[in-house]
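Colleague: Could you take me through one part of this model, the place where the ligand sits? I'd like a close look at what surrounds it.

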Amino acid sequence: MILPGILPFVRELIDRCLTEGDIAVDATAGNGLDTLYLAKKVGDSGKVYSFDIQLAAIEKTKARLKEHHLAHRVSLIQNGHEQAVTCIPKEELTLLKAAVFNLGYLPSGDKSITTKGETTIQAVSQLLEIMQSGALIILVIYHGHEEGKKEKQKVETFSAQLDQREVQVLRYEFMNQVNNPPFIIALEKK
Ligand code: SAM
């Protein structure tokens, strides 16, 4: 296929944005797959801050990182991503190059614990405020479940009203797939 799938496209965007020594955020650690990918990209001189409200997700991510000998590149924080700007040291906040929000619930976990539109937007707008030119926020939106439908609407409305002089907003979506397939909204700070 010429057109990459949703998750491969997330990785392409990360590859275009991050390099050795960068600082990145995984806003939803979950099973740790995105955190691991980010940790590989930033190298030993970089840093990843990885958030999740669930201890189970933090532990899964910790185990995955240990397995790959990359735990030293990541700060795992059991807290909501809406607290990210208060948890990351000030001097690193302005160096932040990328943040990934893989929204929804932990696939293997409690499906009632899911990201929510209000807190997602709170986190995204705080990060956008402090990020420098060229920094990227990637949101993967899952809207097959009830909370996901509400979150989709909120994130779409928020993203569409951003000033094009300040932020580039991309939507990447397969329009003819059945069963509410996930799609990407990517925000690049100008
Ligand atoms: N990126 C993950 C991976 O690679 O496996 C998948 C993430 S999963 C789809 C969504 C995660 O978001 C869940 O683990 C859930 O606990 C977490 N979550 C829900 N609300 C959150 C919040 N306010 N802040 C941070 N994480 C949250």
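Modeller: Sure. In this predicted model, the ligand takes up the space of the largest pocket. That pocket has a volume of about 740 Å³, and 39 residues line it. Thr28, Asn102, Leu103, Gly104 and Tyr105 are the ones nearest its centre. Sort the lining by class and you get 15 nonpolar, 18 polar and six charged residues. Helix H1 (6–17), helix H2 (33–42) and strand S2 (47–52) each put in at least two residues, with H1 giving the most, three.

Now for the ligand itself. There are 22 residues around it, and Thr28, Asp34, Asp52, Gln54 and His81 come nearest. This shell is made up of seven nonpolar, twelve polar and three charged residues.

Some of these neighbours pair up with the ligand atom to atom. The side chain of Asp34 has an N or O atom 2.7 Å from a nitrogen of the ligand. With Asp52, a side-chain N or O atom sits 2.6 Å from a ligand oxygen. His81 uses its backbone instead: an N or O atom there lies 2.8 Å from a ligand nitrogen. On its own the ligand has 610 Å² of accessible area, and the protein covers 95% of that.

H1 turns up again elsewhere, by the way. The second largest pocket has a volume of about 240 Å³, and H1 gives the most to its lining too, with five residues. Phe9, Glu12 and Leu13 are among the residues that line this second pocket.

Definitions and conventions:
Residues are numbered from 1 along each chain as its sequence is written. This is a predicted model: local features need pLDDT of at least 70, side-chain atom pairs count only at pLDDT 80 or more; totals for chains, interfaces and linings use all residues. Side-chain values use heavy atoms; hydrogens and water are left out. A residue is near a molecule or strand if one of its heavy atoms lies within 4 Å of it. A polar contact is a pair of N or O atoms within 3.5 Å; within protein, one must be able to donate a hydrogen and the other to accept it, and residues adjacent in sequence count only if both atoms are side-chain atoms. Accessible areas come from the Shrake-Rupley method with a 1.4 Å probe; for residues, only the protein chains shown count as cover. On a 1 Å grid over the protein atoms alone, a cavity is a set of points where a 1.4 Å probe fits but cannot get out, and a pocket is an open set with protein on both sides within 12 Å along at least five of seven lines; lining residues have an atom within 4 Å of a point. A molecule sits in a cavity or pocket if more than half of its atoms lie within 2 Å of its grid points. Ala, Val, Leu, Ile, Met, Phe, Trp, Tyr, Cys and Pro count as nonpolar, Asp, Glu, Lys and Arg as charged, and the others, Gly among them, as polar. Grid points are joined across faces, edges and corners, and a volume is the space filled by probe spheres set on the points. Helices (H or I, at least four residues) and strands (E, at least two) are DSSP runs, numbered from the N terminus.
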